[in-house]
Amino acid sequence: MRILISNVTYLESAVSQDSLNPVDIGIEDGKISFIQEHLPSRDQKTHLKEAAWDRVIEGRGRLALPGLVNAHTHLGMTLLRGYGDDLPLMVWLQEKMWPIEDQLTEKDVYWSSLLAIGEMLRGGITTCADMYFHMGATAKAVAEAGIRASLTRGVQDVGGSGLRGLEEAIGFCQKWQGAANGRITTMLGAHAPYTCTPGLLRKVADWANRLGVPIHTHVAETSTEVHQIKEQYGVTPLGMLAGNGVLDVPVTAVHCVHLEEDDLELATQRGVRVVHCPGSNMKLGSGIAPLPEMLATGLIVGLGTDSAASNNKLDLWEEMRLASLIHKANMQDATVIPAVTALKMATCHGAAALHLDKVGKLAPGWVADLVLVNTEGLHWQPPSNPQASIVYAGGRNDVSLVMVDGCIVYDQGELLTIDEDEVIYHVKKIAHRLGLL
Ligand code: NI
């Protein structure tokens, strides 16, 4: 498929204040082939003639952005949106989530994943990272729906299920790594220091090394976790992971709300990639991660929504805004986490946090994952600072077209790869069976 987006303004990478002069963006074989200044006389140039393309999209009134990266969620939990609200993490997990998750079937996770992917694509999220179980069902949904995803079959020792889960996780990586034209990548997942024994962590690290995949894990989400791990092992949660070999392979560490000074140094030394989930951390009352400190030490930090059961939206626009605003308030300093930093976390740094290559930036040779945003609404006027408008004024309803891997998956209000009515029908049916409705 060869697609030309003509006469569009764009932000290359959200790193600098890019020129807002209109450009033409060529997309071929799933990659961006060129970005060049738009010239009114373009028809005279052979490669820009309409006939040379399968589709030409008029970009006037649109802003092209790299697709957003939701670097941490649990797609299978989207069914549980609105179940167990207003509870702290440990009560929420032990009394609400774990008992009902025991009843989820592979089919339930498939429909839940499609529900989540539909919501995310509509909001301009082109890459997500998932950690859950029945991961084959999620991989099938990802392959069908056209999103890019880093998938992890999470393992934990709760109920003695660790080794069985790890075996399944290894098989999952072997089967799905690089599937769907490379849109699917895999990681091994240790759920968290408080749900995994040291022995299981060592095995996960060993297998990640053997398979050549990173590890995705939750770390230091609550102060309760830090107290518990310190009492049990005499080290912080990140220290416990390090002591069991987990930081010897590339790691994506989610939350990091309660990192101590030594942890920051350890994370920086070992090149840990972090995912910040401000919405979920606030809703579960877990605290505020030391994001300004993490960024100051040079850590790469992406953004995640966490699950729809603890957020309850899968909306990266909101996470960008929260990531910027809560730290300004918390530090009493309006200069921390400026809009451009939040935008980087939601795009190129999110992709880097997932150890993905050539994802998260609009540039020749990079994957064609992009979003066209309608900037004609009143709340975008005047268009003097696009980064600030995206983070502080824009929202997911402004997304008008979404492309993943060079394929258009959402256009003018319609998802092209998901039958929304069918998804809603199945989700409601499952919710009835589970007693949620
Ligand atoms: Ni999570």
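**Strands β1 and β5 and helix α14 at the second largest pocket.** β1 (2–10), β5 (62–66) and α14 (386–393) each supply at least two residues of the lining of this pocket. The model is predicted: local features need pLDDT of at least 70, side-chain atom pairs count only at pLDDT 80 or more, and totals for chains, interfaces and linings use all residues. Residues are numbered from 1 along each chain as its sequence is written, and side-chain values use heavy atoms, with hydrogens and water left out. Helices (H or I, at least four residues) and strands (E, at least two) are DSSP runs, numbered from the N terminus. The second largest pocket holds about 230 Å³ of space. It is lined by 17 residues, and Thr9, Arg62, Leu63, Thr375 and Pro383 are the closest to its centre. By class, the lining has six nonpolar, nine polar and two charged residues. Ala, Val, Leu, Ile, Met, Phe, Trp, Tyr, Cys and Pro count as nonpolar, Asp, Glu, Lys and Arg as charged, and the others, Gly among them, as polar.

**The largest pocket, with Trp98 among the residues nearest its centre.** About 670 Å³ of space lies here. The lining has 32 residues; Trp98, Glu101, Tyr132, Phe133 and Gln156 lie nearest the centre. Two or more lining residues come from each of α1 (89–101), β7 (125–132), β8 (148–155) and α4 (162–176). Helix α1 gives the most, with five residues. The lining divides into 13 nonpolar, 12 polar and seven charged residues. On a 1 Å grid over the protein atoms alone, a pocket is an open set of points with protein on both sides within 12 Å along at least five of seven lines, whereas a cavity is a set where a 1.4 Å probe fits but cannot get out; lining residues have an atom within 4 Å of a point. Grid points are joined across faces, edges and corners, and a volume is the space filled by probe spheres set on the points.

**The largest cavity, lined by Pro66, Gly67 and other residues.** The whole structure has one cavity of 30 Å³ or more. The largest cavity has a volume of about 30 Å³. Its lining consists of Pro66, Gly67, Val69, Thr126, Thr127, Val359, Gly360, Lys361 and Asp369. Three of these residues are nonpolar, four polar and two charged.

**Domain 1 against domain 2.** Domain 1 covers 3–66 + 366–415, and domain 2 covers 68–353; such bounds come from an automatic or database domain assignment. Their C-alpha centres lie 30 Å apart. Contact (heavy atoms within 4.5 Å) involves 29 residues of domain 1 and 33 residues of domain 2. The two domains bury about 2,400 Å² between them, with carbon and sulfur atoms giving 65%. In domain 1, Val391, Tyr392 and Arg396 lose the most area to domain 2, together 31% of what that side buries. Buried area is the accessible area (1.4 Å probe) that two parts lose on being put together, summed over both. Four salt bridges are counted between the domains.

**Salt bridges of Arg2 and Asp405.** A salt bridge is a side-chain nitrogen of Lys or Arg within 4 Å of a carboxyl oxygen of Asp or Glu. The whole structure contains 18 salt bridges. Arg2 pairs with Glu28, their closest N and O atoms being 2.9 Å apart. Arg2 lies in strand β1 and Glu28 in strand β2 (residues 23–28), so this pair ties together parts that are 26 residues apart in sequence. Asp405 and Arg148 also meet through their side chains in a salt bridge (3.3 Å, N to O).

**Backbone at Asn7, Asn312 and Pro382.** Most residues other than glycine have a negative phi, and most peptide bonds are trans. Asn7 has a positive phi, near 60 degrees. Asn7 sits in strand β1. The peptide bond from Asn311 to Asn312 is cis, with omega near 5 degrees. Asn312 belongs to the loop between β13 (301–303) and α11 (316–331). The bond from Gln381 to Pro382 is cis, with omega near -10 degrees. Pro382 is in the loop between β14 (370–374) and α14.
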